[in-house]
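User: I would like to learn how to read a protein model feature by feature. Could you take me through one, giving the idea behind each feature and then the case at hand?

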Amino acid sequence: MSNAAPRFPRCDQTAAWRALHAHYDAHGRALDLRDAFAADPQRFARFSQTAPQVFADLSKNRIDATTEALLLDLARQCGLEAHRDAMFSGEPVNGTEHRAAMHFLLRNPASAPVKWSKFAIDDVVDAVAEVQATRQAMLAWAGQVRADATLTDVVNIGIGGSDLGPQMAVLALDEFVTPAKRFHFVSNVDGHELGALLQKLKPRNTLFLIASKTFTTAETLTNARSARQWFLEQGAADAAVGHGAAPEISRHFVAITTHVAAANAFGIRTTFGFRDWVGGRYSVWSAIGLPLAIAIGAERFNEFLAGAHAMDVHFCSAPLAQNLPVRLGLLDVWYRNFHGFTSRNLAPYHSALRRFPAYCQQLEMESNGKRVDMDGQVLPYATAPVLWGEPGTNGQHAFFQMLHQGTDVIPVEFIAVKTPSHTLKGHHARLLANALAQAQALMVGSGRGAASPEGHRHFPGNRPSTFLLLDRLDPASLGALIALQEHRVFTSGAVWGLNSFDQWGVELGKLLAQDIEPRLASGDANGLDGSSAGLLHKLREK
């Protein structure tokens with residue numbers, strides 16, 4: 001295994017970057033989508049494609065054939081393919097932490113060795129065996145929980161990827177979730193969240209999943225200790241009034257962690273782990289996905305993994321020009337660095353995907369929200385956009401006003417599902433009509449022309465959007481959709497020269513909180529800045 005990620009010229013020092021700037025100044029800046037469709041009746045076919053489980057329409061984006069060709073040149077000159085191959089071969093692409101990023105192995109089927117990776121080195125082969133053994137044990141245990149009628153409530157306690165991933169997926173796959181269990185997710189250290197939930201639960205019927213790789217995450221451990229205290233107190237109270245013996249922690253608490261000793265000290269005997277090359281925001285495929293495995297069962301969980309694996313194979317094998325994650329990642333670079341668009345909206349037109357924007361927000365902004373390159377050098381160009389969104393049609397009655405008529409141009413990514421799981425008449429056709437109409441309205445606007453009326457009813461149009469379409473929302477399509485977003489973020493990060501797998505920006509606030517917390521009790525403001533000191537005193541006022 002080598003000691004460094006591939007080295008290529010910084011993107012702004014390539015010939016392709018300069019050519020893109022010239023193209024943007026000459027044509028890209030002024031490109032009007034309405035003119036582009038009028039000039040090319042085949043534009044939809046040219047700028048749409050099928051990938052595993054996903055159809056993508058890119059035709060309503062401010063690109064032409066020259067733009068895409070130059071972006072592909074940029075990807076090659078920045079070494080995208082070499083960076084991709086380094087990741088899939090187990091190289092330490094996470095340079096600041098000296099780790100590989102092999103989350104893709106978590107969804108590699110047991111029946112399919114890593115033959116689609118160009119470099120199936122020994123470390124990768126060994127990791128595959130470990131992944132398969134952990135997955136088998138986790139799914140077997142999940143099956144036991146599914147069959148245990150006394151356990152009616154499953155509470156996942158985690159934060160970040162240990163919460164967003166399984167929560168998003170359980171909600172998205174509600175159609176496939178066992179009706180015999182209720183699933184709850186607690187992440188915030190704010191006691192209002194856990195306290196409100198505990199009032200609705202009974203110790204004998206509750207299973208707590210404590211998800212923390214190191215078993216030291218402050219928010220997770222705070223919630224876990226409070227849950228254990230409640231469990232012991234309530235269980236003892238039930239036993240005292242003749243409801244049988246108090247339930248045992250070892251039966252009702254499970255840890256998803258690599259720190260088995262710390263979990264044992266907590267009173268937990270059942271643990272499932274994963275390697276340090278699994279980042280939190282890439283961990284839903286690992287034992288962190290235990291809530292999902294309990295919710296949908298082993299067969300469906302394997303379908304979820306298979307959908308993601310199919311997208312992995314597509315990303316590794318499809319030519320760059322027909323590689324959907326690559327095309328989306330390069331489009332993000334085009335909009336961020338040449339058009340100067342600062343954010344992207346994600347609008348899933350399916351209520352079950354209501355947490356998907358938040359999931360993708362962490363994936364994008366924690367991975368690529370960085371101002372220095374792999375060598376720690378400050379970059380002279382912008383990186384990750386702000387990613388945000390809510391489900392349609394709710395968003396239409398909230399922020400779509402700004403999307404259509406605001407001063408900023410914000411690319412929108414629509415996600416729609418062809419076949420619904422419900423049988424309510426008229427609903428799905430209306431939902432899909434709204435998704436299509438919003439994308440159309442963003443592009444065509446209203447009142448175009450020399451005599452166009454300005455003012456309140458004027459829609460400028462020419463506002464870009466991407467449309468992703470799933471045949472139906474099921475485990476395989478959700479897995480593919482998530483992996484698509486992972487590889488898209490990797491693509492833009494590789495072009496920008498970033499380490500997309502560390503997150504040092506999370507640490508400083510945590511460190512300062514450790515200093516401030518005892519000051520809330522003591523009132524000691526010595527050494528604090530004026531604002532923090534003033535707020536500290538204000539919070540201590542009686």
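**Reading the sheets, the helices and the charges**

Analyst: Let us begin with a helix that packs on strands: helix H8, residues 191-198, lies across strand E3 (153-157), E4 and E5, and its direction runs at about 155° to that of E4. Please keep in mind throughout that this is a predicted model.

User: Which strands make up the open sheet of 5 strands, and in what order do they stand?

Analyst: To read a sheet, one follows the pairing from strand to strand. Here the order is E4-E3-E5-E6-E7, and the pairing is parallel. The edges are formed by strand E4 (182-186) and strand E7 (270-272), each of which pairs on one side only, and neighbouring strands of this sheet are turned by 20° against each other on average, with direction ignored.

User: How many bridges join E5 to E6, and which residues stand opposite each other?

Analyst: Pairing is read from bridges between residues on the two strands. Strand E5 (residues 206-211) and strand E6 (residues 253-256) run parallel and are joined by 4 bridges; Leu209 stands opposite Val254, and Ile210 stands opposite Ala255. On to the next strand, 3 bridges join E6 to E7, again in a parallel arrangement, with Phe272 in E7 as the bridge partner of Ile256.

User: Are the residues on the two faces of E6 buried or exposed?

Analyst: A residue counts as buried when its relative accessible area is under 20%. In E6 both faces are covered, since Phe253 and Ala255 on one side, and Val254 and Ile256 on the other, are all buried.

User: What is the order of the open sheet of 6 strands, and which strands are at its edges?

Analyst: The same kind of reading applies. The order is E1-E2-E11-E10-E8-E9, with mixed pairing; E1 and E9 are the edge strands, each pairing on one side only, and the twist averages 20° from one strand to the next.

User: How do E1 and E2 connect, and which residue in the turn has a positive phi?

Analyst: For a hairpin, one looks at both the bridges and the turn. Strand E1 (residues 48-51) and strand E2 (residues 54-57) run antiparallel and are joined by 4 bridges, with Ser48 opposite Asp57. The hairpin has 2 residues between its strands, and Gln53 in the turn has a positive phi of about 70°. E2 is also joined by 3 bridges to strand E11 (residues 465-472), with which E2 runs antiparallel, and there Asp57 stands opposite Phe467.

User: Which helices lie on this sheet?

Analyst: Helix H16 (residues 427-444) packs on the sheet, touching E8, strand E10 (412-419) and E11, and its direction makes about 150° with that of E10. Helix H17 (residues 475-496) lies across E2, E8, E10 and E11, running at about 150° to E11.

User: How many salt bridges are found, and what does the pair of Glu366 and Arg281 tie together?

Analyst: A search of the whole structure finds 26 salt bridges. The side chains of Glu366 and Arg281 meet at 2.9 Å, N to O; Glu366 lies in helix H14 and Arg281 in the loop between E7 and helix H12 (290-317), so this pair ties together parts that are 85 residues apart in sequence. Glu366 is partly exposed at 22% relative accessibility, whereas Arg281 is buried at 3%.

User: And which parts do Glu364 and Arg344 tie together?

Analyst: These two form a salt bridge, and the closest N and O atoms are 3.1 Å apart. Because Glu364 lies in helix H14 and Arg344 in strand E8 (residues 343-349), the pair ties together parts that are 20 residues apart in sequence. Glu364 is buried at 1% relative accessibility, and Arg344 is buried at 6%. Salt bridges that share partners join Asp332, Arg344, Glu364, Glu413 and Arg488 into one network.

User: Why does Asp373 have no salt bridge with Arg10?

Analyst: A salt bridge needs a nitrogen-to-oxygen distance within 4 Å, and Arg10, the nearest side chain of opposite charge, is 5.4 Å away from Asp373, which is buried. Asp373 sits in the loop between helix H14 (356-368) and strand E9 (386-388). The side chain of Asp373 reaches the backbone nitrogen of Asp375 at 2.9 Å, and Asp373 touches Leu379 and Gly497, leaving aside residues up to four places away in sequence. Arg10 itself forms a salt bridge with Asp12, where the closest N and O atoms are 2.6 Å apart.

Key. Residues numbered from 1 in each chain as written. Predicted model: local features only at pLDDT ≥ 70, side-chain atom pairs only at ≥ 80, totals over all residues. Heavy atoms only, no water. Pairing = 2+ DSSP bridges. Buried < 20%, exposed > 50% of the residue type's maximum accessible area, 1.4 Å probe, protein only. Lys, Arg positive; Asp, Glu negative; His and termini not counted. Polar contact = N/O pair within 3.5 Å; in protein donor to acceptor, adjacent residues only side chain to side chain. Contact = heavy atoms within 4.5 Å. Axes fitted to C-alpha atoms, helices over the stretch in contact; angles between N-to-C directions.
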